[in-house]
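Me: I'd like to learn how to read helix packing, ligand shells and backbone angles in a model. Could you walk me through one?

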Amino acid sequence: MNNIIEVRELNKTYKDKTAVDSIDFDVKEGEIFGFLGPNGAGKSTTINMICTMLAPTSGSITINGFDGNKDRRDVRKSIGIIFQENTLDEKLTAKENLMLHCRFYNVPRSKRKERIQEVLMIVDLVDEKENRVETFSGGMKRRLEIARGLLHYPKVLFLDEPTVGLDPQTRAHIWEYILRLKEKEGITMFLTTHYLDEAEISDRIAIMDHGKIIAMDSPENLKNTLGGDIIELSTQDNEKAMLEIQAKAPEAEVTSKEDIIYLKVASSDAFISEFIKNLEVPLTRLNIRKPTLNDVFLSFTGRNIASTEPDKQ
Amino acid sequence: MEGIFAIWIRDMTRFFRDRARLIGSFSMPILFLLIFGGGMGGTMESLIGSSMPDAGEDFQYLQFVFPGIVSMTLLMTSIFSSLSIIEDKNFGYMKEILVSPISRVSIAVGKVLSASTIATFQGIMLFLLIPFLGINYSLTSLLLVIPFMFLLACALSSFGLLIASFLRSTQGFQLIVQILVMPMIFLSGALFPINNMPGWMDVVVKLNPVTYGVDVMKKIMIDVESLSPMIRDAMGLNLQLFGTTLTVAMEIAFIFTFTVILILFATLSFRRANA
Ligand SMILES: Nc1ncnc2c1ncn2[C@@H]1O[C@H](COP(=O)(O)OP(=O)(O)OP(=O)(O)O)[C@@H](O)[C@H]1O
Ligand SMILES: [Mg+2]
């Protein structure tokens with residue numbers, strides 16, 4: 001597959017702060033590419049640079065064959081973006097917002113009505129088209145923005161935290177629309193999120209932290225690189241239990257957070273039958289699971305994504 | 001072209017939808033009309049009447065000040081409307097515009113045109129008050145003055161856009177109004193004659209482009225020829241620059257040039273701020 005986006009040694013420095021630190025990556029045509037990282041990782045800064053909204057301090061960006069620095073207009077024609085913050089005109093109706101977008105992107109006059117109807121159908125807002133956006137709920141506004149981003153048939157659709165601030169049900173809906181789009185239109189999608197479960201829908205994920213990409217692969221591969229299973233356990237005396245585990249089973253990787261001990265082992269079956277059974281400190285809790293993206297983030301940074309994320313709702 | 005039209009039609013839709021703004025924008029000119037028509041008008045008339053016993057009979061001060069109040073409305077509305085571009089920045093819609101392929105020049109021109117249209121519309125709305133004020137202008141002069149109002153509004157909107165491209169928030173807004181807009185009105189002859197000003201003030205008056213706008217408005221709307229020279233003089237209708245009395249044609253040519261230069265600067269400045 002062709003690369004639709006190529007980013008090389010991209011840097012962005014604000015006065016005293018490096019927001020994006022020399023990153024390289026490619027996005028392939030037709031894939032869903034996800035940026036996962038905690039607040040302040042540099043996700044939006046990267047997206048804004050790719051979308052020509054922010055000048056890079058250094059580095060090069062190529063989109064759809066166009067140079068992000070020189071051919072801004074061609075780049076702009078090739079992309080659609082749903083910014084992290086709301087960019088609808090709330091005084092106008094849904095239809096008026098979409099019509100303006102058609103004009104900005106020179107959608108052929110004869111096709112406008114049809115396209116507007118089409119994108120409204122994708123996001124289930126046909127019945128709301130004559131209403132002013134200020135009367136919409138947060139989820140409806142987000143859906144309208146997604147519809148708007150699709151109007152001019154962009155080659156790449158950027159979605160910067162498309163579900164931030166929405167309730168879980170609405171979030172699930174938005175993802176349904178996004179997946180539906182990918183199936184129907186085959187559009188390349190570039191999304192950012194700091195919700196782990198949402199990142200899973202990507203074909204490939206770049207995990208970002210402090211302006212750097214620390215890992216990049218499919219969600220499966222990322223989790224497989226950790227290998228084995230994760231055992232979470234709590235005991236009546238965690239300190240004592242950890243010492244005992246380290247002495248008796250040096251092959252297990254042991255970490256602890258709050259009152260839970262995490263063990264990473266090659267095979268949980270063997271480990272449980274041979275070791276846990278014989279643990280001297282009494283167990284209060286036991287859970288066995290496959291690694292998640294959070295474990296991947298944890299293994300690279302020593303922190304949980306979840307613990308760095310303030311509750312946005 | 002389509003891009004310019006898009007920017008324009010959006011502002012038009014928003015303007016006519018915003019009743020509060022529509023009504024609010026009339027409060028200021030109506031207040032001034034009340035002051036000059038009622039209170040100050042009488043004082044002015046008796047002042048002039050007593051100095052010119054033979055000419056002061058049918059002299060109406062309101063007749064002179066009305067074109068000035070229309071100009072004032074043009075100035076305020078033009079500048080405030082083009083400053084709305086800062087509001088767009090704060091509410092995020094500017095991003096939707098800037099990330100689209102329309103050229104920065106189209107954005108700037110569209111903004112200037114929409115602000116000018118709104119300002120001209122407000123000015124024309126004031127015409128509706130003419131019958132109630134007991135003054136009269138010929139229909140032809142009113143029709144003739146409209147294109148000029150639009151030209152003047154274009155110059156002033158460009159000026160507003162130029163200011164806007166240096167402002168980050170609407171906070172600097174009040175300041176701009178106080179240090180720029182108000183003096184531009186008071187030192188333009190819009191509200192009272194600008195004769196016999198102290199030297200330095202006279203320089204400011206002559207440098208103020210609004211002065212020439214107001215002068216043209218008055219000369220088109222008021223039948224200057226039929227006025228006695230004394231009234232003409234008392235009302236400051238003999239605007240001179242370097243000893244020559246300015247003709248309407250000269251002033252229009254000047255305003256036109258000024259408009260073109262301002263649009264150019266505003267566009268360049270907007271483009272520089274939003275590459
Ligand atoms: N205009 C700016 N001036 C100075 N620093 C900035 C500016 N914009 C962003 N930053 C800094 O750059 C870093 C990256 O910010 P960015 O918005 O890209 O993060 P993010 O990954 O999108 O986070 P979030 O999940 O909160 O959206 C942050 O530390 C932020 O403080
Ligand atoms: Mg962000």
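**Helix packing, ligand shell and backbone**

Reply: Happy to. This is a predicted model, and we can start with a helix pair: α3(B) and helix α10 (residues 209–221) of chain B pack with their axes 9 Å apart, at an angle of about 135°.

Me: How should I read an angle of about 135° between α3(B) and α10(B)?

Reply: The idea is to sort the angle into a class. Angles over 145 degrees count as roughly antiparallel, and 65 to 115 as roughly perpendicular. An angle of about 135° falls in neither of those ranges, so α3(B) is oblique to α10(B). The pair also has a handedness: α3(B) and α10(B) make a right-handed crossing.

Me: What is the arrangement of α3 (residues 61–90) and α8 (residues 172–186) in chain B?

Reply: Here the axes come within 11 Å and cross at roughly 155°. That is why α3(B) counts as roughly antiparallel to α8(B). The crossing of α3(B) past α8(B) is right-handed.

Me: And in chain A, how do α3(A) and helix α5 (residues 138–150) meet?

Reply: Their axes cross at roughly 25° and come within 9 Å. The cut-off for roughly parallel is under 35 degrees, and α3(A) and α5(A) are therefore roughly parallel to each other. Handedness is read separately, and α3(A) passes α5(A) in a right-handed crossing.

Me: Let's turn to the ligand. How many residues surround ligand 1, and which are the closest?

Reply: A good way in is to list the shell, then look at individual atoms. The shell holds 14 residues, and the closest are A:K17, A:N39, A:K43, A:S44 and A:T45. By class, 7 residues of the shell are polar, 4 are nonpolar and 3 are charged.

Me: Which atoms should I look at for A:K17, A:A41 and A:K43?

Reply: Check whether the side chain or the backbone is involved. A:K17 uses its side chain, with a polar atom 3.3 Å from an oxygen atom of ligand 1. For A:A41, a polar backbone atom is 3.2 Å from a ligand oxygen. A:K43 also uses its backbone, where an N or O atom lies 2.8 Å from an oxygen atom of ligand 1.

Me: How much of ligand 1 does the protein bury?

Reply: Start from the ligand taken alone, which exposes 640 Å²; the protein buries 65% of that. The elements giving two or more residues to the shell are β2 (17–28) and α1 (43–50) of chain A. The largest share, 3 residues, comes from α1(A).

Me: Last topic: where do A:E9 and A:N106 lie, and what is phi for each?

Reply: For backbone angles, look at the sign of phi together with the residue type. A:E9 has phi near 45°, a positive value in a residue other than glycine, and belongs to strand β1 (residues 3–14) of chain A. A:N106 is not a glycine either, and its phi is positive at about 55°. A:N106 sits in the loop between α3 (94–104) and α4 (112–122) of chain A.

Definitions and conventions
Residues numbered from 1 in each chain as written. Chains lettered and ligands numbered in written order. Predicted model: local features only at pLDDT ≥ 70, side-chain atom pairs only at ≥ 80, totals over all residues. Heavy atoms only, no water. Near = heavy atom within 4 Å. Polar contact = N/O pair within 3.5 Å; in protein donor to acceptor, adjacent residues only side chain to side chain. Areas by Shrake-Rupley, 256 points an atom, 1.4 Å probe, with all protein chains shown as cover. Helix = DSSP H or I, 4+ residues; strand = E, 2+ residues; numbered from the N terminus. Nonpolar A, V, L, I, M, F, W, Y, C, P; charged D, E, K, R; others polar. Axes fitted to C-alpha atoms, helices over the stretch in contact; angles between N-to-C directions. Left-handed = near helix turned anticlockwise from the far one by under 90°.
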